[in-house]
Every structure is written in C-alpha cells, then in structure tokens.
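Work through the exercises below with the sequence and the model side by side. Try each task before reading its solution.

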Amino acid sequence: MLENNTKQVSQTRTVAIASMVWAASIFLSRVIGLVREQVIGRTLGANRQADIYFASFTLPDFLNYLLAAGALSIVFIPIFLKHLEAGDERRGWEAFSAIANFIIVVGGIGIAFLMIFARPLAHVVAPGFTDPADADILVRLIRIVLPAQFFHVVGGLLSAALQARDRHVLPALAPLVYSTCIIAGGTLGAGHYGMGADGFAWGVLIGSILGPFALPLLGCLRMEMRWHPTVSLRSSDLRQYIWLSFPIMIGFSIVVVDEWIIKNQASYLDAGVLSHLQYGRTLMKVPIGVFGMAAGVASYPTLSRLVAAGSVVDAYALLCRATRLMLLATFAAQVCMTLAGFEITYLIWGLFSSKFSVADATATASVLAFLCFGLTGWAAQTVISRGFYALGSTWLPTIVGTIIAFGMVPFYIVLRQHWGSTGLAMASSIAIILYVSILASLQHRRFQREAATRGTSLKGLPSMAVAAFQLASAAGVAIVVGLLARTALDELLPGTQLLAMLIRIGILCSVGIVIYLSMARLLGVTELVNLANASLRKLHVQSA
C-alpha cells in the first residue's frame, strides 16, 4: 500500500513538474504569439493581404498533417519508451533513426511536389481569391513557407525523444524561438524593407530552423543521440509507427480540417473577414495552449507508462483529474474572453494603429464570442485524445473526427451563407463539441473494457461529463449576467482610450469570474472545493 502511494506521489510530481514547464512555455508562447499577431495586424491590417498570408499556411499545414507531425510525440514516445524501459537504449535510437530517415525521404518528396503544383492547388485552397495578383502573392508565400515543415516534422521527432526522457525544457522553448523569428521577420522585412507579407513568411522559415529543429537537436546531442543514416522498411518499429500514424495521415479529422474549411469558406466573404476569424482563433488558442495542451503534453508520458504497466484504472483516474482541472480553467477563460472580447482585441491590434479599426475589433470580438463556445472542446480534445493514444488506439479518434468533418461541411456552408463569419464560428464550435462528447463517451467505454479484463473497474472515479455540465452551467450564468453588466458599463465608461478599456476589462472579468466560481461552488464542483481546502491548509501551516 505504501509502495503504491509512493508511486502515485512520484507520478503526480513528475506530471506536475512537466505541466509547470509546459504551462509556462505555452503561456509565454501564446503571449509571444499574440505579439506576433499584433505585429501582423498592425503591419498588414485586416485586409486582403492579411487574408492571403493566413491562407498561405493551408498547403504547408496539409503536408504537416499528412506526415502526422501533430502525432509524432504521441506515436513515437511509446515506441521509444518500450526500448528504454527494457534497458536497450541502442534499439531506441535505431527506432528513432528508421522513423526519422523515413520521414525525411517522404517529406522531401512531398515538399517538392507541392512546390511544383503550388499554383493550381492555390485555387483549391482559396477559390474566392479570383484576382490574378492575389493568386501570385499566395503562390509565392506558399513556396516560402513549405520548406519550414521539414524542420517542424524532424524537430518534432527530436522533441519526442527528449520528452520520453522527461526532458521538457528545450522542446518547450522551441515555439518561443519560432514566434520570435516571425516577429523579427515581419518587423525588419515587412516594416523596414517593404516586403509586406513576405517578411513574415521568411520569418516562419528561419524560425522553424532555429526553434523546433535546432533546439531539440542540441538536447538530443547532449544525451548522446545515435542517429544512423539508414532507411529500412524491415524495421518493426518503423512498421509500428506507420501503422499507428496511418489513420492520422489519411483521416481528415475535424480537429485539423476545421481551420482549412473556415479559410476555404471565408475566401468567399468580404476582404478582411478571414483575418477577423484568424485573429479570433489566435486569442482562443491562448487558453487552449496554456490549459489544454500543457495538461495533455505533460501527462502523456506518465499515461503511457501506467498503461504499459497494466494500471489502466490509475491511468484513467489521472486522465479524469487532468481533464476536470483543465475544464475549470478553460470555462473561466471563456467567460473573460466573451465579456471583454472587444477590449482585448482592440488593445492588441487596434490601439495606436491605423490599419485595424474599431469596426475590425468589433467584428473580431463577435467572432471570438462564438468561437469561445467551443473553447473547452478544443482544450479537452488535446487531453482526451491522448488517452486513446496511450492505449495504442489511433484509428478510433481519427475515424470519429473524419466522419464529423465530412458530415459538418454542408453545415459550415449553410451557416456561412446565412450568417457569414459568425456562422463559420458557430459551425466550428458545434463541430468540436460534438466530436469531444462522442470521444469522451467512447473513451470511458474503452477504459472500462480494459479494466474489466484485468478484474478491476472504473466505478467510483470522478466523471468528466458531470463536471463539464456543472461548469458549462456556471459559465452560462456568468456570461448572461456579465453581458447585462456590460451594457450599463458601456454607458458609464465609453470610448477606446487605454485607461477606459483596462478598467472595463478588469470589471467585466472580475464580475464574470466571481459569478462563475460562485455558481461552480454552488453546483458542487469538487475540484474547486479541493483547491479551496488545499489553499486553506497551506495558509494554516504558514500561519502556524
């Protein structure tokens, strides 16, 4: 019993330390990302040039998706850990070499193909950009950004090798360097040399080399990486990697294609609308990254170890705790961003800028409010999906996501035709909530079956669904009351002066969060009670 408690404390401590590293990194990354988007907004504005820049990432992102770059750590870490846990580090690096070299060959062919056919494919990416000059700019930007995917993908594998050893610092720093280079490219290139969107595109390429690739490479070299220059399809580890990655490569899950659909459909709308959607999504990604991605990335190695050891009940309990705490935080963020969306948007992109107007800020805030309905869904899927991946199940999440993606396309089109950018934001939120709800239900069943085969049960573990309903209800009440308060506040403290907006943000967020937490406590959200009790115990110890 004592030994089990010691293991649980050790696991929790490992996850907590990793979570803090990744939360700090992702928070800083999102802050720098906001600065990056601020520079883009102030330099390019919310016009057709900005629309083209954002659309130029669709093809590179598609290649990144085909190479399963987003799942590199998810698929590779269990393979690498299998050899490390067996004490055979040599086999671990042989597996790394086989997979990395395969990715380099396939990725190189993919980049060459897309570079050659960038022009005809550009019309598929953004069919609404009918001006030949716009098409020329889009093709040029695509060809600048495409090679960056090579460094993102190979760097992702290097980062996975570090994370398998619980070395998180350098992988966590990589996105910071990446965003900083984009800012530098835009500031110097677009701001001082008249390069426009090209400056940001070159910053993307340089940043991918220095951040996602170079930093984890340095970390792997420090732990005596052995990268063999061989390609062999006979490698069992490579075959396992391909098998687990294949559904992600061929499946078009809503998690990925949502942004592609929105960019495609937004190209039919007025100039600047795509930019409004992109800026709103950028703001939404801050809490998704800080709360969702941090919890998912940090908990995954421990989840994998627990599943590998046969402790599926402990693994699901860890998954539930991580998800419920993440939901508590992300619903709070939704309240804040819905109530003070205009002020936050205008402070970042509009203040002291002639290219981002009050009308742009109003349109972006409106889109943001509807995107935020799906905020907790986006954050939750980063944690919940890792439960499947820890079990070695990559097919089911992809199949479910692909079915929803294809089924929802007509919905995106209809809502875009009736409500424009707001309709696209609504469609996005509905799609991700539907996906996460189905995935969470299927995951509970899968873990229950795994537990039953081992003579145990998930009975008694806290429910994700109950917590989600309680917190959603609390957030709903807070948003309704906060919007009523906002109407009165706009009359008492109008304008776009810095001080007025800061005061409105402070009041709206404070009122919203207080109501949200009070309602959550009233509804019996256990995480809130536990956090309050832990804080009281800590204060009692300090006072004693």
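The exercises that follow concern a predicted model.

**Exercise 1. The overall make-up**

Task: State how many helices and strands the protein has, and what share of its residues count as buried.

Solution.
- Step 1. The secondary structure consists of 21 helices and zero strands.
- Step 2. The chain has 544 residues, and 55% of them count as buried.
- Step 3. The protein exposes about 22,700 Å², with carbon and sulfur atoms supplying 68% of that area.
- Step 4. Among contacts with a separation of 6 or more, 83% are between residues 24 or more positions apart.

**Exercise 2. The disulfide**

Task: Find which cysteines form a disulfide, and say which helices they lie in.

Solution.
- Step 1. A disulfide is a covalent bond between the sulfur atoms of two cysteines.
- Step 2. Searching the whole structure gives one disulfide.
- Step 3. Its partners are cysteine 336 and cysteine 509, whose sulfur atoms are 2.3 Å apart.
- Step 4. Cysteine 336 belongs to helix H14 (residues 312–339) and cysteine 509 to helix H20 (residues 498–522), so the bond ties together parts that are 173 residues apart in sequence.
- Step 5. Buried means under 20% relative accessible area. Cysteine 336 is therefore buried at 19%, and cysteine 509 is buried at 13%.
- Step 6. Two further cysteines can be classed in this way: cysteine 320 is buried because its relative accessibility is 0%, and cysteine 372 is buried because its relative accessibility is 0%.

**Exercise 3. Three salt bridges**

Task: For the salt bridges of arginine 91, arginine 140 and arginine 504, name the partner and locate both ends.

Solution.
- Step 1. Side chains of opposite charge can pair when their charged atoms come close. The whole structure holds 15 salt bridges.
- Step 2. Arginine 91 pairs with glutamate 94 at 3.9 Å, N to O. Both lie in helix H5 (residues 89–116), three residues apart, which is about one turn of the helix. Arginine 91 is partly exposed at 28%, and glutamate 94 is partly exposed at 31%.
- Step 3. Arginine 140 pairs with aspartate 198, and their closest N and O atoms are 2.7 Å apart. Arginine 140 is in helix H7 (residues 132–145) and aspartate 198 in helix H10, so this pair ties together parts that are 58 residues apart in sequence. Arginine 140 is partly exposed, with a relative accessible area of 39%, whereas aspartate 198 is buried at 11%.
- Step 4. Arginine 504 pairs with aspartate 490, with 3.9 Å between the closest N and O atoms. Arginine 504 is in helix H20 and aspartate 490 in helix H19 (residues 464–492), so the pair ties together parts that are 14 residues apart in sequence. Arginine 504 is buried at 2%, while aspartate 490 is partly exposed at 30%.
- Step 5. Salt bridges that share partners also make one network out of Lys82, Arg90, Arg91, Glu94 and Asp237.

**Exercise 4. The surroundings of aspartate 237**

Task: Decide whether aspartate 237 is buried or exposed, and list what it is in contact with beyond its neighbours within four places in sequence.

Solution.
- Step 1. Aspartate 237 sits in helix H11 (residues 236–250).
- Step 2. Its relative accessible area is 3%, so aspartate 237 is buried.
- Step 3. Leaving aside neighbours within four places in sequence, aspartate 237 is in contact with Ile79, Lys82, His83, Arg91, Ala95 and Ile99.
- Step 4. With histidine 83, the side chain of aspartate 237 makes a polar contact of 3.0 Å.

**Exercise 5. Two nonpolar residues**

Task: Give the helix and the accessibility class of isoleucine 206 and of valine 286.

Solution.
- Step 1. Isoleucine 206 is placed in helix H10 (residues 197–222). Its relative accessibility is 44%, so isoleucine 206 counts as partly exposed.
- Step 2. Met195, Trp202, Ile206, Ile209 and Leu210 make a nonpolar surface patch of about 430 Å².
- Step 3. Valine 286 is placed in helix H13 (residues 273–308). Its relative accessibility is 17%, so valine 286 counts as buried.
- Step 4. From valine 286 to alanine 333 the C-alpha to C-alpha distance is 9.3 Å, although the two are 47 residues apart in sequence.

How values were computed
Residues numbered from 1 in each chain as written. Predicted model: local features only at pLDDT ≥ 70, side-chain atom pairs only at ≥ 80, totals over all residues. Heavy atoms only, no water. Patch = residues over 30% accessible without salt bridge, like charges linked within 9 Å, V, L, I, M, F, W, Y side chains within 5 Å. Areas by Shrake-Rupley, 256 points an atom, 1.4 Å probe, with all protein chains shown as cover. Salt bridge = Lys/Arg side-chain N within 4 Å of Asp/Glu carboxyl O. Helix = DSSP H or I, 4+ residues; strand = E, 2+ residues; numbered from the N terminus. Buried < 20%, exposed > 50% of the residue type's maximum accessible area, 1.4 Å probe, protein only. Polar contact = N/O pair within 3.5 Å; in protein donor to acceptor, adjacent residues only side chain to side chain. Contact = heavy atoms within 4.5 Å. Disulfide = S-S within 2.5 Å.
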